[in-house]
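Welcome, and thanks for pulling up a stool. Let us take a friendly walk through the side chains of this protein and see how they meet.

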Amino acid sequence: MPSATPATVLRLGTAQTLAWASSYYLPALLAQPMARDLGVSTPWVFAAFSGALLVSAVVGPSAGRAIDRHGGRPVLMATSGLFAAGLVALACVQGPIGLFAAWALLGLAMGSGLYEAAFATLVRLHGQGARSAITGITLLAGFASTVGWPLTAWLEVTVGWRGACLAWAGLHLLLGLPLNALLPRATAIQHEAVSAPPGSATAANKDRPPRLAWTSTLLAFSFAITWFISTAMAAHLPRLLQAGGVSLAGAVAVAALVGPAQVAGRVLEFGLLRRVHPLISARLAGITHAAGAAAFLVVGAPAATAFALLHGAGNGILTIAKGTLPLVIFGASGYGARQGWLMVPARIAQALAPWVFGLGLDRYGVAALWGSAGLCLLGWGALMALRAAR
């Protein structure tokens, strides 16, 4: 089965950048003006955002099944409309009920239009040849915060937070929808998706349901921990660094290194590690947060930069692993639905992460980082155990 063309990767990667910038990265800059205008506290806005992540967890498996059956093009086109509708609804809210309803609508879009849907789209089109394309779209979408945060900030200053939401909605209709419409149409179900040759990983897994379930459990557990740590750091990293003795200006500067480090990790995966089994690269990346956290906790502020770089690079590679590991281990058959189910615990963990880690940070200060490091080691242990589960 042929690999994805650069044009497909560029279209899907650009659409993903838009999707992430206008949903996942939106509350970081608009939560406070939203709360102020609506007369609620800022945590209410983040609670609504957490609700959206829970909705996305529920929607994910159904979206994956739809992509398995019909291909990603119609699903992602519909998702562009959902994103636009949710952002318009968000721009029109007048109180807490409307706020939660609008974010729930955005949760439907997130569950059917972020990385998992993009990965499933590529696998439906290209089967085992999708690994490089998965890396390619994460490389492009890795700049979602780099592009999205400055644009959102400028829009909020220029036209207010409601105008910013409307502008993002317009971009989904004028840019995202056409890009998704230009994706290749999925043909009849690929032979690889119908049957697997004797001796393949997919055929072997079909013959061993208990092992299949154990492997799925290990992957889901590892993904949940990865998303928990990633989301907790995204929400609290500057504050965490300050608790460890870094100045405010220094904390902001160091936290800004995470994005470039993620992209660097993905470049490493695309280049040096592309010929390595994704399980090996995932294991290498799975230990980096714990290593960086230990250095920061022991050495203090001088190790802050190393912590940010290790965390970011590892997180960048693990984002790719979420797409490639299920493909290599289970094969392309039913990839979309399986990916949706594997990510349900991850979305729930993601929704809880800012609140849970925030409580730990309030109570224990920088020592809360021992908790995330411990979780990281548990997730790494699950990846190590996959040797016997394959």
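## Aromatic rings around W20

W20 and Y25 are both buried. Please keep in mind that this is a predicted model. For W20 the relative accessibility is 4%, so this residue falls under the 20% cut-off for buried. Searching the whole structure turns up 11 aromatic pairs. One of them joins W20 and Y24 edge-to-face, with 5.1 Å from centre to centre and 75° between the planes. W20 also pairs with Y25, and here the arrangement is tilted: the centres are 6.5 Å apart and the planes make an angle of 50°. As for Y24, its relative accessibility is 11%, so Y24 counts as buried too.

Which residues do ring pairs link into a cluster with W20? The members are W20, Y24, Y25, F49, W103, Y115, F119 and W227.

## Charges over W227

W227, which belongs to that cluster, has charged company as well. K322 lies over the face of the W227 ring, 4.2 Å from the ring centre. R347 also places its charged end over the ring of W227, at 5.4 Å from the centre.

## Salt bridges

Side chains of opposite charge can pair when their charged atoms come close. How many salt bridges does the count come to here? The count is 3. R347, already met over the ring of W227, takes part in one of them: its side chain meets that of E116, with 2.5 Å from N to O. E116 belongs to helix α6 and R347 to helix α18 (residues 344-364), so this pair ties together parts that lie 231 residues apart in sequence. Are the partners buried or exposed? Both E116 and R347 are buried.

Helix α18 also holds D362, which forms a salt bridge with R239 in helix α11 (residues 209-243). The closest N and O atoms of D362 and R239 are 1.9 Å apart, and the two residues are separated by 123 residues, linking distant parts of the chain. D362 is exposed, with a relative accessible area of 54%, whereas R239 is partly exposed at 36% relative accessibility. A further salt bridge brings R162 and D37 together, at 3.0 Å from N to O. This pair, too, links distant parts of the chain: R162 sits in helix α8 (residues 144-181) and D37 in helix α2 (residues 27-38), 125 residues apart. D37 has a relative accessibility of 44% and so counts as partly exposed.

## A buried threonine in helix α6

Back in helix α6 (residues 115-126), we find T121. Why does T121 count as buried? Its relative accessibility is 2%, so T121 falls under the 20% cut-off. Leaving aside residues up to four places away in sequence, T121 touches I67, G72 and L76.

## The buried face of helix α12

In helix α12 (residues 248-255), the buried residues are A251, V254 and A255. Viewed down the axis of α12, these buried residues fall within an arc of 95°, so they line one face of the helix. A general point helps when reading such a pattern: an α-helix has 3.6 residues a turn, so residues three or four places apart point the same way.

Technical notes. Residues numbered from 1 in each chain as written. Predicted model: local features only at pLDDT ≥ 70, side-chain atom pairs only at ≥ 80, totals over all residues. Heavy atoms only, no water. Helix = DSSP H or I, 4+ residues; strand = E, 2+ residues; numbered from the N terminus. Buried < 20%, exposed > 50% of the residue type's maximum accessible area, 1.4 Å probe, protein only. Contact = heavy atoms within 4.5 Å. Phe/Tyr/Trp six-rings, centres within 6.5 Å; stacked < 30°, edge-to-face > 60°. Lys NZ or Arg CZ within 6 Å of the ring centre and 35° of its normal. Arc of directions from axis to C-beta. Salt bridge = Lys/Arg side-chain N within 4 Å of Asp/Glu carboxyl O.
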